[in-house]
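Q: Could you walk me through this structure? I would like to start with one residue and then move outward.

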Amino acid sequence: MFDKRVVLFMGHYGSGKTFCAVNYALALAKKGLPVSIYDLDIVNPYFRTVDAEKTLEKAGVELIVSPYAETNVDIPAMNAASYKMLDDKTRYAVLDIGGDERGALALGRFSEGIVKENNFECLFVVNPYRPETRDIAGAINVKNEIEQVARIPFTGIVNNANLGEETTEKHIFYGIEFCEKLGEKTGLLLKFSSVIKRLYCSIKEKTDKVLPVDAIKYGDWL
Amino acid sequence: MSEKVLMKGNEALAEAAIMAGCRHYFGYPITPQTEVAAYMAKRMPKIGGTFLQAESEVAAINMVIGAASSGVRAMTSSSSPGISLKSEGISYLAGCELPALIVNVQRGGPGLGGIQPSQSDYFQATKGGGHGDYHLIVLAPASVQEMFDMTFKGFNLADKYRVPTMILADGTMGQMMEPVSLDANAVETYDKSWATVGTGKHEGRNVINSLSLSPAQLEEWNKSRYERYALIEKDEVMYEEFMMDDAEICVVAFGIAARVSKNAIVAARKQGLKVGMIRPITLWPFPKEVISKAADKVKAFLSVELNMGQMVDDVKLAENCKKPVYFYGRTGGVIMSPDEVLDELIKIEKGEAKQW
């Protein structure tokens, strides 16, 4: 799960890319590996990587984010330090990319370098409880649209099946089944399922391709 | 009930509009409502509907006037500064007696303000915004599910009374994701023989207009519309009561502020404070009666809002000076924490809070 230096999380708007990227970076840091997380989201105004700033800092994950994220400045900006993902090959780079083809646009300038280095995993984050990726055809459509713009091929699938607080084992198992079917059609392998800690033990009994994840705390009001 | 899906508030609202029969959307992008337009741009062409990104908010609302005149379900959406631009057209909709849905996913103001959530367009939504004698029906959802359900309600009420209806959401309601059940609500149909669909389809000429050459006639139009407003105030008030049975302090809050307050109330109850909440779902018509009745039982009111104090005046008018009214708010795109609301409740209990 952790063998490639650059790991990209892309997918449909609201599929849980930030959530998976943050938790993946934390898992790398936990292994004592040097890791930076890059917020390349130029689409989403709220609920950003920077919400997990304190957790990431505590775990020793370097956060490269637009200085305008979560402020009132409404411009699609990236941090100039984002080029470090290609320049500094001593560190793992986890890339959190904006949703759909509109979000993937931001990756274009880096894709050539990533493909050239050829030490990357490009993960398609899928939540089959999102209406537009509820069926296989919809998911394939989103996948193709993103790949065209990002100019980088997907290498695997992440099952992020969830209904927020209402998620149960049933949803995650359905996600596995869905992603395996999607894999048959696309030739991509299901790399892992992201599973919130309260469900981790019961899922782990059935499959070992699991990334234990913690919810990002956005506010006390949810 | 069909299986739930996970959606952003903006997406749920857009999907509901389509399910409610809306095939005419006119808009212009602005954070934090852009997903409504983006969703419509993707979906409308697939179902034979019209998504049109206008050259400005002013153009978009005028396109709504045109579409609504022909009797179809038409809508537009924007965020605070964009709604200010639409205000002239909203007044024209009211004057023309046209049903339409206007969505405001509020951000901080005044002016360009900021992109973070706010409820500071309460005055604009409930007290006019545009010019002239008119009201909007104003619905305030407090969950993604309500973003979905209120959209059906908004179209139904607009058609029923021939008035423009507004959904007053805020950035968090638009952006946050929650499980939502996409079961269609009732789609009510009302007589639209007034629509301008060509003389071949109705008797005589139908005219949609807000200009009157005679003051007496304009007064007549306004009076007849206010008769309908009176019916709306009588029949269409919506609110939710939370832990009000034995409450001594009554929080009044809507939308995201109600979500925060609910958590504060649960925490306050654990400390032995008897707090409850009345959550207006319609901001106009305002739930005056239930607040007035509560004033006979509780000892104080606390209005919690994401602004400098706008709804609090309506709370005061409704409780009619029977009990002290307090206010707690954050503004500029800052959301209060439940702890801040709890502190305010404790201050009220101890007699240390300042009255509004």
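Q: How accessible is A:Lys84?
A: A:Lys84 is partly exposed, with a relative accessible area of 28%. Buried means under 20% relative accessible area, exposed over 50%, and partly exposed in between (1.4 Å probe, protein chains only).

Q: What kind of model is it, and how are things numbered?
A: This is a predicted model, in which local features need pLDDT of at least 70, side-chain atom pairs count only at pLDDT 80 or more, and totals for chains, interfaces and linings use all residues. Residues are numbered from 1 along each chain as its sequence is written, chains are lettered from A and ligands numbered from 1 in the order in which they are written, and side-chain values use heavy atoms, with hydrogens and water left out.

Q: Which residue forms a salt bridge with A:Lys84?
A: The partner is A:Glu62, with the closest N and O atoms 2.7 Å apart. A salt bridge is a side-chain nitrogen of Lys or Arg within 4 Å of a carboxyl oxygen of Asp or Glu.

Q: Where do the two residues lie in the chain?
A: A:Glu62 is in strand E3 (residues 62-64) of chain A and A:Lys84 in helix H3 (residues 84-87) of chain A, so the pair links distant parts of the chain, 22 residues apart. Helices (H or I, at least four residues) and strands (E, at least two) are DSSP runs, numbered from the N terminus.

Q: And A:Asp100, is it buried or exposed?
A: A:Asp100 is buried, at a relative accessible area of 4%. Its side chain meets that of A:Arg102 in a salt bridge (3.9 Å, N to O), and A:Arg102 is partly exposed at 38%.

Q: Changing topic: how many salt bridges are there between chain A and chain B?
A: There are 6 between chain A and chain B. One of them joins the side chains of A:Lys170 and B:Glu3 (3.4 Å, N to O).

Q: How many residues take part in the contact?
A: Chain A gives 30 residues and chain B gives 33 residues, where contact means heavy atoms within 4.5 Å.

Q: Last one: what does B:Glu15 touch?
A: Not counting residues up to four places away in sequence, B:Glu15 touches B:Met7, B:Tyr39 and B:Arg43. B:Glu15 is placed in helix H1 (residues 9-19) of chain B and counts as buried because its relative accessibility is 10%.
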